[in-house]
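Dear colleague,

Please find below the sequence and the structure that I am handing over to you. My findings follow directly after it.

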Amino acid sequence: VLLTGYADKESAIRAINEVEIFQYIEKPWDNDQLAMVIRNGLRNRNLARELGDRIDELDRTVRRHERLSQQHERLREELALARRVQQTLLPRLDVEGRLRFAASYRPALEVGGDFYDVIELSGGRRAAFVADATGHGVQAALSTTLLKSTFTRFAGSEAGAAAMLQEMNRAAEAEEALELL
């Protein structure tokens, strides 16, 4: 607030614009009016601070939203890649023209815990693997991928169903132990 006895309007305008005074008051002034101007000036300053704080908070929220959006997009891209990888792990099921399988795999999420495979064992035998891991998503997909890896190690072997299941159970138990860590 500028109180002055100097009533030059150009000086008043310059003071308002350059110094950013709230109010220009010339002599003689009324004390009640001066008190009201001071109260209004303080209220105006507090509102300006509050507005600045809210704008800062909004800016932080916008930046946080942008980071989350970028992270979300990266996750979507990674899940799409995981889906393509999981699809490539699924076998083409045509066993020398004798057996034909038709399969359609559509997980509830980008990737899932349902899985199947067929391998050839020694002596012309075949083994089929069908898995339905608990839950959906990445955790379930990783579980079945581990089991598929264990299962495919038996290709060309003389192992029977019991030995294969024991080994796959050991792999599943090892995975569960890792999850607890």
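Half of the picture in this predicted model is long-range: among contacts (heavy atoms within 4.5 Å) between residues at least 6 apart in sequence, 50% join residues at least 24 apart. The chain has 181 residues, of which 24% count as buried; buried means under 20% relative accessible area, exposed over 50%, and partly exposed in between, with a 1.4 Å probe and protein chains only. The accessible surface comes to about 13600 Å², and 53% of that surface belongs to carbon and sulfur atoms. Accessible areas come from the Shrake-Rupley method with a 1.4 Å probe, and for residues only the protein chains shown count as cover.

Two remarks on conventions are needed. Residues are numbered from 1 along each chain as its sequence is written, and side-chain values use heavy atoms, with hydrogens and water left out. As the model is predicted, local features need pLDDT of at least 70 and side-chain atom pairs count only at pLDDT 80 or more, while totals for chains, interfaces and linings use all residues.

Secondary structure

The chain contains 4 helices and 6 strands, arranged from the N terminus as β-α-β-α-β-β-β-β-α-α. Helices (H or I, at least four residues) and strands (E, at least two) are DSSP runs, numbered from the N terminus.

Strand E5 (residues 114-120) and strand E6 (residues 126-132) run antiparallel and are joined by 7 bridges; two strands pair if DSSP finds at least two bridges between them. Within this pairing, Val-118 has Ala-128 of E6 as its bridge partner. The two strands form a hairpin with 5 residues between them, and Gly-123 in the turn has a positive phi of about 70 degrees.

Towards the N terminus, Lys-9 is placed in helix H1 (residues 9-18). Lys-9 counts as exposed because its relative accessibility is 54%. The C-alpha atoms of Lys-9 and Tyr-24 are separated by 9.9 Å, the two residues being 15 residues apart along the chain.

Salt bridges

What can bring charged side chains together? Side chains of opposite charge can pair when their charged atoms come close. A salt bridge is a side-chain nitrogen of Lys or Arg within 4 Å of a carboxyl oxygen of Asp or Glu, and a search of the whole structure finds 5 of them.

One of these joins Arg-54 to Glu-50, with the closest N and O atoms 3.1 Å apart. Both residues lie in helix H2, 4 residues apart, about one turn of the helix. Arg-54 counts as exposed because its relative accessibility is 55%, whereas Glu-50 is partly exposed, with a relative accessible area of 39%.

Another salt bridge is formed by Glu-73 and Arg-76, whose closest N and O atoms are 3.3 Å apart. This pair also lies in helix H2, 3 residues apart, about one turn of the helix. Glu-73 is partly exposed, at a relative accessible area of 34%.

The side chains of Asp-117 and Lys-148 also meet in a salt bridge, at 2.5 Å from N to O. This pair links distant parts of the chain, with Asp-117 in strand E5 and Lys-148 in helix H3, 31 residues apart. Both Asp-117 and Lys-148 are buried.

Helix H3

Which residues does Thr-144 contact, leaving aside its neighbours within four places in sequence? They are Gln-86, Gly-112, Gly-113, Phe-115, Phe-129, Ala-131 and Ala-133. Thr-144 is located in helix H3 (residues 138-152) and is buried, with a relative accessible area of 1%. Its side chain reaches the backbone oxygen of Ala-141 at 3.1 Å.

Thr-150, likewise found in helix H3, is buried, with a relative accessible area of 1%. Not counting residues up to four places away in sequence, Thr-150 touches Glu-167, Met-168 and Ala-171.

Surface patch

Val-1, Leu-3, Phe-22, Trp-29, Ile-38 and Leu-42 make a nonpolar surface patch of about 490 Å². Patches are made of residues with over 30% relative accessible area and no salt bridge; like charges are joined within 9 Å, and nonpolar side chains (Val, Leu, Ile, Met, Phe, Trp, Tyr) within 5 Å. Of the patch members, Leu-42 is found in helix H2 (residues 31-89) and is partly exposed, with a relative accessible area of 41%.

Yours sincerely

Definitions and conventions:
A polar contact is a pair of N or O atoms within 3.5 Å; within protein, one must be able to donate a hydrogen and the other to accept it, and residues adjacent in sequence count only if both atoms are side-chain atoms.
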